[in-house]
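Here are some comments on the structure, set out as numbered points to be read with the coordinates open. They begin with a single loop residue and then take up wider matters.

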Amino acid sequence: MLDIALLPGEYAVCRLAAGTPVPDAMSNDLRDTDVVTVSWTSDGISVICPTDRAPAQAVVETVWRCLRVTAPMELSGTGSLAALVDPLAEARVSVVTFSTFDTDYLLVPAVRLTEGIAALQRAGHRVTG
């Protein structure tokens with residue numbers, strides 16, 4: 001069982017063309033609850049951020065809600081992300097995931113948030129927020 005917090009606000013999943021500079025605003029003046037992640041590949045740049053921080057030149061997929069595993073995760077641990085994604089897949093709830101050094105994050109479509117939380121709770125996880 002994992003403890004999961006629903007973060008406030010709505011999130012966007014964004015795509016920028018390869019080589020596009022990421023706007024400075026992505027890292028400036030982050031609120032305490034904001035989560036921003038940027039991934040670079042030769043194919044392009046992916047950004048996950050609060051919708052009000054989405055880069056103007058990006059292709060944007062909105063509206064998502066962000067869930068955060070509250071306890072630090074061990075990098076050597078196995079199965080934690082599967083324990084979260086599998087119940088969502090069974091409930092037919094789309095999910096976008098990313099991990100930091102300390103924990104895992106999941107984004108679910110805002111229109112499916114109730115079903116997503118219910119699926120996680122049925123799997124034994126605690127969701128707050």
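1. Setting aside its neighbours within four places in sequence, T20 is in contact with I45 and Q57. T20 itself sits in the loop between β2 (11-16) and β3 (37-41), and a polar atom of its side chain lies 2.7 Å from the backbone oxygen of A17. Please bear in mind that this is a predicted model, and that these distances are therefore computed from predicted coordinates.

2. On confidence, the chain averages a pLDDT of 88, with 88% of the residues scoring at least 70. In the chain, confidence is highest in helix α2 (residues 113-122), at 97, and lowest in β3, where the mean is 89. As a general caution, predicted coordinates should not be read in detail where pLDDT is low.

3. I45, one of the contacts of T20, belongs to β4, where it stands opposite W40. The two strands concerned, β3 and β4 (residues 44-50), pair in the antiparallel sense over five bridges, and they form a hairpin with two residues between them. When inspecting this hairpin, it may help to recall that in a regular strand the side chains alternate between the two faces of the sheet.

4. How many disulfides does the structure hold? The structure holds zero disulfides, and C14 is accordingly in none, the nearest cysteine sulfur being that of C49, 4.2 Å away. Why is there no bond between the sulfur of C49 and the closest cysteine sulfur, in C14? The two sulfur atoms are 4.2 Å apart, which is too far for a bond, because a disulfide requires a pair of cysteine sulfur atoms within 2.5 Å.

5. Both of these cysteines should also be considered for their surroundings. C14 counts as buried because its relative accessibility is 2%, which falls under the 20% cut-off for that class. C49 is likewise buried, with a relative accessible area of 0%.

6. The last residue to examine is V69, which lies in strand β5 (residues 59-69). Is V69 buried or exposed? V69 counts as buried, because its relative accessibility is 1%. Leaving aside its neighbours within four places in sequence, V69 is in contact with L2, D3, I4, L84, T103 and D104. Of these contacts, L2 deserves a separate remark: L2 and V69 are 67 residues apart along the chain, and their C-alpha atoms are separated by 6.9 Å.

Technical notes:
Residues numbered from 1 in each chain as written. Predicted model: local features only at pLDDT ≥ 70, side-chain atom pairs only at ≥ 80, totals over all residues. Heavy atoms only, no water. Helix = DSSP H or I, 4+ residues; strand = E, 2+ residues; numbered from the N terminus. Polar contact = N/O pair within 3.5 Å; in protein donor to acceptor, adjacent residues only side chain to side chain. Contact = heavy atoms within 4.5 Å. pLDDT = per-residue confidence, 0-100. Pairing = 2+ DSSP bridges. Buried < 20%, exposed > 50% of the residue type's maximum accessible area, 1.4 Å probe, protein only.
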